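User: I'd like to learn how to read a structure like this one, feature by feature. Could you walk me through it?

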Amino acid sequence: MRFDVITLFPELFAPFLVSGVTRRAYETGLVEVKLWNPRDFAEGSYRRVDDRPFGGGPGMVMMAEPLALCLEKIRDERAACGVANVPTVLFSPIGETLDHAGVEAWSAGSGAVLVCGRYEGLDQRFIATYIDRQISLGDFVLSGGEIAAMALLDAVARLQPGVLNDEGSHQLDSFNPALDGLLDCPHYTRPESWRGQPVPPILLSGNHAQIERWRREERLALTQRQRPELVQKARVAGHLTARDEAFLADLFENPEKDA
Ligand code: SAH
């Protein structure tokens, strides 16, 4: 899959693309990332990409023309390489919030053109002409779309087969609907006692069936406390066993057990 990223700050992506487990995905082209700077498509010696808002007010607005020329160049290049036609996405607080289902859909697709806004945002006429979807990271405001683009690329890359060192590890992560959609359990590593706090003894018992049960109950209790709607979703999807339900009922009766 190929993602073309339109950004005024391509240098922000350099360390991101060569760090951590996901670097393999970017380096091998499993998730190909091409960076484009609209400034390269701006006119004049100043290569201006922003201007003051019509109607007055604070801040600057990204001009439509450099963005349009940049996007058209990307579309021409993709067509020349025979790369699939993909949606053009703008990161914006007004978009749909990114979640696991969204990331799974992107990770099974053939990529996208990702547009990172800056300043007050983009000229609305560019958005109306070219943008297919808008995606938000949540109800807060970033100073640019680059971190949102990296969030999407990172989440997509780690779902690609072979990217995580341990093949199965993302399947046990939070929100995986193929598992049950619950939150992940707590994790512990050496030393066995850290500053007077021991590891839960069950994890040292070597009894795999009991460890699995403990992890499941930790996940159920944590999800019930933090995100009860995800427990209900798992129930409706048929992921909860009679034993799970008995555990949850007991938790409801004796909430003090949920430390
Ligand atoms: N005036 C805009 C905010 C502009 S912030 C507003 O109030 O809605 C500058 C850029 O940062 C945006 O164009 C967008 O690309 C990016 N951005 C800001 N918050 C974001 C969020 N929550 N999710 C995704 N992108 C965001």
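Analyst: Happy to. Let's begin with one polar contact to the ligand: a backbone N or O atom of glycine 144 is 3.3 Å away from an oxygen atom of the ligand. Keep in mind that this is a predicted model.

User: How much of the ligand's accessible area does the protein cover?

Analyst: On its own the ligand has 560 Å² of accessible area, and the protein covers 83% of that.

User: Which other backbone atoms should I look at around the ligand?

Analyst: The general idea is to look for pairs of N or O atoms within 3.5 Å. Here, a polar backbone atom of glycine 117 lies 2.9 Å from an oxygen atom of the ligand. For serine 92, a backbone N or O atom is 3.5 Å from a nitrogen atom of the ligand.

User: How many residues surround the ligand, and which are the closest?

Analyst: For this, take residues with a heavy atom within 4 Å of the ligand. That gives 19 residues, with Phe91, Gly117, Leu137, Phe140 and Leu142 as the closest. By class, the shell holds 9 nonpolar, 8 polar and 2 charged residues; glycine counts as polar in that tally.

User: Which strands supply at least two residues of that shell?

Analyst: Those are β5, spanning 88-97, and β7, spanning 133-136. The largest share is from β5, with 3 residues.

User: And which pocket does the ligand sit in?

Analyst: A ligand is assigned to a pocket when more than half of its atoms lie within 2 Å of the pocket's grid points. In this model the ligand sits in the second largest pocket.

User: Let's step back to the whole chain. How many helices and strands does the chain have?

Analyst: There are 9 helices and 9 strands.

User: Why is the chain called more spread out than a compact globule?

Analyst: You compare the radius of gyration with the globule rule. For 259 residues the rule gives 18 Å, but the chain comes to 23 Å, well over that value, so the chain is more spread out than a compact globule. Along the principal axes, the C-alpha atoms fill a box of roughly 70 × 40 × 40 Å.

User: What about the backbone geometry: which peptide bond is cis?

Analyst: Check omega for this one. The bond from arginine 190 to proline 191 is cis, with omega near 5°. Proline 191 is in the loop between α6 (146-157) and β8 (193-194).

User: And which residue has a positive phi although it is not a glycine?

Analyst: That is tyrosine 119, with a phi of about 60°. You'll find tyrosine 119 in the loop between β6 (111-115) and α5 (124-130).

Conventions: Residues are numbered from 1 along each chain as its sequence is written. This is a predicted model: local features need pLDDT of at least 70, side-chain atom pairs count only at pLDDT 80 or more; totals for chains, interfaces and linings use all residues. Side-chain values use heavy atoms; hydrogens and water are left out. A polar contact is a pair of N or O atoms within 3.5 Å; within protein, one must be able to donate a hydrogen and the other to accept it, and residues adjacent in sequence count only if both atoms are side-chain atoms. Accessible areas come from the Shrake-Rupley method with a 1.4 Å probe; for residues, only the protein chains shown count as cover. On a 1 Å grid over the protein atoms alone, a cavity is a set of points where a 1.4 Å probe fits but cannot get out, and a pocket is an open set with protein on both sides within 12 Å along at least five of seven lines; lining residues have an atom within 4 Å of a point. Helices (H or I, at least four residues) and strands (E, at least two) are DSSP runs, numbered from the N terminus. The radius of gyration is taken over C-alpha atoms; the globule rule is 2.2 Å times the number of residues to the power 0.38.
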